[in-house]
Amino acid sequence: MPDSYPEWPSGEQVHQYLDEYVKHFGLDALLQLNTEVVSIELDEVAGNIWTIGTRQSDNNKDSSMPILATQSETFDHVVIANGIFSDPYVPTFPGLEEFQQAGGQVLHTTDVHQLLGDATGKHFVIVGYGRSACDVACALSDISSNKVVVVARELIWKIPKWIGGLLNFKYLLLTRMGEALFQYIHPHGFEQFLHNGLGKPLRDLMMSSLQAIITCQLKLRKLGLLPDGPLEDIARTTLSLVTDGFYEKVEMGAIEVHGGTHIVKLCVIDGKPSTLLSDGTIVPTDFVICGTGFHQSVPFFSMNIIKQLTDDQGNFLLYRHIHPINVPQLSFNGYNSSLFCPLSSEVAALWIANLLAGGMKLPSPNKQQLEVIEQLAWTEKRTKGKHACGGSIIPFTFHYIDELLKDMNLTLNAHTHIREWLLPINFGAYVGLIDELMKRLASEGKITFPLC
Ligand SMILES: NC(=O)c1ccc[n+]([C@@H]2O[C@H](COP(=O)([O-])OP(=O)(O)OC[C@H]3O[C@@H](n4cnc5c(N)ncnc54)[C@H](OP(=O)(O)O)[C@@H]3O)[C@@H](O)[C@H]2O)c1
């Protein structure tokens with residue numbers, strides 16, 4: 001990104017960067033925008049050819065709209081990259097109809113920007129305690145003259161951008177040392193020492209000190225926002241960073257958090273739309289805003305394909321979070337949501353390219369299946385089921401990238417590896433690996449090089 005960008009770029013800056021990226025690499029011709037994929041069908045008889053049905057999209061998400069002017073094209077291989085945060089989830093609440101008739105509205109956090117100008121004097125209830133819920137609570141409390149009420153069924157830990165006001169969070173979350181504080185499925189070497197050897201007291205001390213610093217810095221005890229479990233519970237589908245100003249606004253009374261609470265029902269009190277919470281509080285409510293996350297869905301596939309892609313709980317059975325074991329000529333990217341997605345997704349893209357070029361052989365389907373099931377069971381246990389249907393690898397991004405590189409027989413240079421133990425990941429150090437792989441594939445006659 002441009003040097004002029006700040007440490008934490010805004011949404012507009014990231015968008016601008018992506019625009020420039022497309023121009024710089026001449027990708028426009030490869031992109032077919034404003035196009036919605038409505039069906040993806042496999043023709044096994046014709047030799048595993050995919051037919052993709054699309055329609056012009058007007059960004060109108062209203063599914064009752066008729067599907068106009070669909071087109072279809074065939075392809076040899078399909079990569080699904082529809083994101084694990086793209087299909088907003090809104091829970092159903094008892095009393096919704098009566099609430100709406102009295103003028104109340106229920107929205108998802110993704111819909112909020114459209115009502116920002118209309119927020120003054122309105123009453124807001126925000127459901128959820130993830131990053132979206134806290135970001136939206138802060139933004140609305142800047143505009144509304146009423147206190148914003150946050151309903152969190154579980155209080156979770158959040159990491160400040162500056163830990164203790166001194167240490168940039170990236171030294172904790174974007175280093176191998178930080179990752180090693182969490183126990184991987186099969187710890188080796190130094191990690192074995194940290195979790196199961198003589199180093200365990202040291203590791204436990206580091207975690208408890210960190211927890212104490214964060215508790216004190218965010219005044220969690222005073223604000224009544226101390227989560228029940230230990231800090232290491234933070235590693236789930238996502239790992240939440242503190243929204244700037246959130247805890248300060250709670251302290252000032254502009255935001256009121258009801259922890260361990262849920263909405264019992266939406267109702268009408270004295271003719272005004274309201275919300276009844278499980279702690280007995282009744283809150284006047286013009287808008288319920290659901291920061292309740294996202295569904296993980298692939299609606300363009302038939303039920304038959306979905307059954308082959310997922311287990312009974314709807315978890316995706318993907319080897320390395322990329323490769324479906326039972327469906328041919330298909331890959332996924334982005335179902336490896338991590339703490340540094342640009343790199344984990346790019347290395348996964350390289351992995352897919354290498355597989356398609358015939359540059360590596362995968363274990364037998366049986367072995368892949370056993371590994372995927374073992375990983376899912378471990379993830380389910382450590383995240384208490386919060387892993388986006390198997391679509392998140394948080395916090396183990398370094399481990400994951402190392403595994404992909406090993407599959408491709410690529411080795412990170414020792415200097416970078418050692419540096420990453422204490423210093424945050426530097427994406428630039430990985431650039432040479434692309435050239436190395438491309439040259440190898442070209443020398444084996446598997447691709448024509450250079451690619452354009
Ligand atoms: N500025 C930024 O960089 C930024 C901003 C927004 C989001 N993000 C990222 O986007 C991703 C999605 O974040 P998100 O906050 O939208 O979703 P999320 O992290 O999945 O959080 C969802 C929240 O909704 C709650 N919830 C879910 N279903 C519920 C229900 N039926 N009733 C009550 N509460 C319910 C969850 O509670 P439980 O914990 O009890 O399940 C959780 O608190 C994350 O990776 C996040 O870091 C980043």
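What follows is a conversation about the nonpolar cores and the ligand shell of a predicted model.

Visitor: What makes the residues around Ile126 and Phe246 members of a nonpolar core?

Guide: Ile126 and Phe246 belong to the largest nonpolar core, which has 83 residues, and membership requires a buried residue of a nonpolar kind that is joined to others through side-chain atoms within 4.5 Å. Tyr129, Leu140, Ile159, Ile289 and Met408 are, with these two, the members that touch the most other members, and helix α11 (residues 341-356) gives the most to this core, with 7 residues. Apart from it lies another core, of 19 residues, including Phe316 and Tyr335.

Visitor: Which residues is Met408 in contact with, beyond its neighbours within four places in sequence?

Guide: Met408 is in contact with Val347, Leu350, Trp351, Asn354, Met360, Leu437 and Arg440, where contact means heavy atoms within 4.5 Å.

Visitor: Why is the approach of Tyr129 to the ligand called a polar contact?

Guide: A backbone N or O atom of Tyr129 lies 2.9 Å from an oxygen atom of the ligand, and because a polar contact is a pair of N or O atoms within 3.5 Å, this pair qualifies. Polar backbone atoms of Arg131, at 3.2 Å, and of Gly291, at 3.0 Å, also meet that limit with an oxygen atom of the ligand. The protein covers 72% of the 910 Å² of accessible area that the ligand has on its own.

Visitor: What makes up the shell around the ligand, by class?

Guide: The shell has 6 nonpolar, 7 polar and 5 charged residues, and helix α3 (residues 131-143) gives the most to it, with 3 residues. Among the closest of the 18 surrounding residues are Ser132, Arg153, Thr238 and Lys386.

Technical notes. Residues are numbered from 1 along each chain as its sequence is written. This is a predicted model: local features need pLDDT of at least 70, side-chain atom pairs count only at pLDDT 80 or more; totals for chains, interfaces and linings use all residues. Side-chain values use heavy atoms; hydrogens and water are left out. Buried means under 20% relative accessible area, exposed over 50%, partly exposed in between (1.4 Å probe, protein chains only). Helices (H or I, at least four residues) and strands (E, at least two) are DSSP runs, numbered from the N terminus. A residue is near a molecule or strand if one of its heavy atoms lies within 4 Å of it. A polar contact is a pair of N or O atoms within 3.5 Å; within protein, one must be able to donate a hydrogen and the other to accept it, and residues adjacent in sequence count only if both atoms are side-chain atoms. Accessible areas come from the Shrake-Rupley method with a 1.4 Å probe; for residues, only the protein chains shown count as cover. Ala, Val, Leu, Ile, Met, Phe, Trp, Tyr, Cys and Pro count as nonpolar, Asp, Glu, Lys and Arg as charged, and the others, Gly among them, as polar.
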